[in-house]
Amino acid sequence: MPAWFERMAARERAALLAWTSALILATALPLSYWKAPQECFYSPEDFARCDPWRAIGALAEASAAALMTAALWMTRNPATTRPQSAVRAAGRLGLLLAIAGGLTAVVGDAYLIARQIAAVGYAALGLALFVESDRGNFLVRSRLGMLLGITLAIWALSYFPRDDQILPMGGSFFFIPYVVWAARLGYRLGTNRTPTTRKARPVELKLVGDLGAIVLFFLAFPFWITSTFGVATLGDPSNDVTVKNETGEAIIFYEDRRVTAYRKRIAAGETKAWGWLEHGAYSPAAEDLTGAKIFCRYLLDRELRRSHYLITVIREPSSCSSR
C-alpha cells in the first residue's frame, strides 16, 4: 500500500486524501452527534463527560481537517502575494491548534479550554480555505469552497465566547456541503479536470437562473443561520421544563411571575413537566396557598439548560424580597 501510494501523482494522492476526509465526516459526525444521548447536550461539561461520542467527534474533525489540509498543500500553487503567503502560514498554525484543541477535548474537563483553542484553529483554517478556493490551484478553485471557508471562520469566531452550545465543526449541518465539496474536489484532482468556462447564456435563461438563485438563497439562509450559530430561526422552539415541589406543601407556580393568569398548582412532593417557549431569560416564581411569594428565580437560557431543564422549588421567601 505505501509503495502504491508513492507511485501516484501528487494530485491523485490529494484526491484520495480529499475523499477520505469526506468519508470520515460523513460517517463519524452523524454517529457522534445524532446518536449521542440527549444528556450530552445540556452543557459543554456534560458533553465533556459523554464517552465515546465526544472522542468520535473530536477525532473525526481533527482527522478530516488534517487530511484536507494535506490535500490542498500537495496541490498548492506558488503564493502570488504576501497576504496569500500569510494566510497559508496562518492555516498551518491553525491546523496545529485545531488538532491540539480537538484531541485535548477528550481529556476530562480540559474540554472547556480546548474547544476554544480548537475554535481559533478552525477560524484560521476557514480563512485559508476561503483564500485557497479563490486564488489557489485552478483544480481547487470553487465558490462552494469559498462559502465553506467563510462559514467555518464565522462559526469559529461566534462559537469562541459561548459556553452554552455544543456544535460540531462549522455547525450542525456543515458536514453535508463539506462532503459534497470534498467529493467534487477529489474528482477534479483525480481526473485533472479544471472548472470549465461557462458560455454566455441567452438572456431568458440567465434571468431564470438568477431568479432560482435568489429563491434558493432565501430557502437556504435560515438553515445556514440555524446550523452555523445554533439559533433557531423557524417556528417557535420550546423545551420541556420539569418543576419539582420540595417545599412540603402545595404551591402555585408561575412560569413568569409577571403573568399570573397562567399558573400551575403543584402538590407537595409532586413533579410536573410542560413545554416552555425558548427565549433568552426566564422569571419563574411560586407562592403558597395564602398568596405569599416563597420562591423566585431569574434564569438565563444557558442556566436552565445546564440544570437539565429542572427547577426545584424550595421555601425561600428571601429570594423574592428584592424582585
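**Exercise 1. Where does helix 2 bend, and which proline follows within four residues?**

Before you start, keep in mind that this is a predicted model, where local features need pLDDT of at least 70, side-chain atom pairs count only at pLDDT 80 or more, and totals for chains, interfaces and linings use all residues. Residues are numbered from 1 along each chain as its sequence is written, and side-chain values use heavy atoms, with hydrogens and water left out.

*Solution.*
- Step 1: get the element. Helices (H or I, at least four residues) and strands (E, at least two) are DSSP runs, numbered from the N terminus. Helix 2 covers 10-34.
- Step 2: find the kink. The bend at a residue is the angle between axes fitted to the seven residues ending there and the seven starting there. Helix 2 bends by about 25° at A28, and P30 is the proline that follows.
- Step 3: check the span. The expected value is 1.5 Å times one less than the number of residues. With 25 residues, helix 2 reaches 36 Å from its first C-alpha to its last, close to the 36 Å expected.

**Exercise 2. Work out which residues of helix 2 are buried and what covers them.**

*Solution.*
- Step 1: apply the cut-offs. Buried means under 20% relative accessible area, exposed over 50%, partly exposed in between (1.4 Å probe, protein chains only).
- Step 2: list the hits. The buried set is A14, A15, L17, A18, S21, A22, L25, A28, L29, S32 and Y33. So the bend residue, A28, is itself buried.
- Step 3: look at spacing. An α-helix has 3.6 residues a turn, so residues three or four places apart point the same way.
- Step 4: find the cover. Using contact (heavy atoms within 4.5 Å), the neighbours include helix 3, helix 4 and helix 8 (175-191).

**Exercise 3. Do the same for helix 5 (residues 82-104).**

*Solution.*
- Step 1: span. Its 23 residues should cover 33 Å, and the end C-alpha atoms are 33 Å apart, which agrees.
- Step 2: burial. Q84, V87, R88, G91, G94, L95, A98, G101 and G102 are the buried ones.
- Step 3: packing. Those residues sit against helix 4 and helix 6 (111-135).

**Exercise 4. Find the disulfides and say what each one ties together.**

*Solution.*
- Step 1: count pairs of cysteine sulfur atoms within 2.5 Å. You get 2 disulfides.
- Step 2: take C40 and C50, with S to S 1.7 Å. C40 lies in the loop between helix 2 and helix 3 (44-48), and C50 in the loop between helix 3 and helix 4 (53-74), so the bond links parts 10 residues apart in sequence. C40 is buried at 2% relative accessibility, and C50 is buried at 9%.
- Step 3: take C296 and C320, whose sulfur atoms are 2.0 Å apart. The S-S torsion is about 105°, so this disulfide is right-handed. C296 lies in strand 7 and C320 in the segment after strand 9, so the parts tied together are 24 residues apart in sequence.
- Step 4: write the pattern, counting bonded cysteines along the chain: 1-2, 3-4.

**Exercise 5. Sketch the strand pairing around strand 1 and strand 7.**

*Solution.*
- Step 1: pairing needs at least two DSSP bridges between two strands.
- Step 2: 3 strands make an open, mixed sheet in the order 4-1-9. Strand 4 (271-277) and strand 9 (310-313) are the edges.
- Step 3: strand 1 (residues 238-245) runs parallel to strand 9 over 4 bridges, and V243 has I311 as its bridge partner.
- Step 4: strand 6 (residues 285-287) and strand 7 (residues 293-296) are antiparallel, joined by 3 bridges. A285 is bridged to C296, the cysteine that also bonds to C320.
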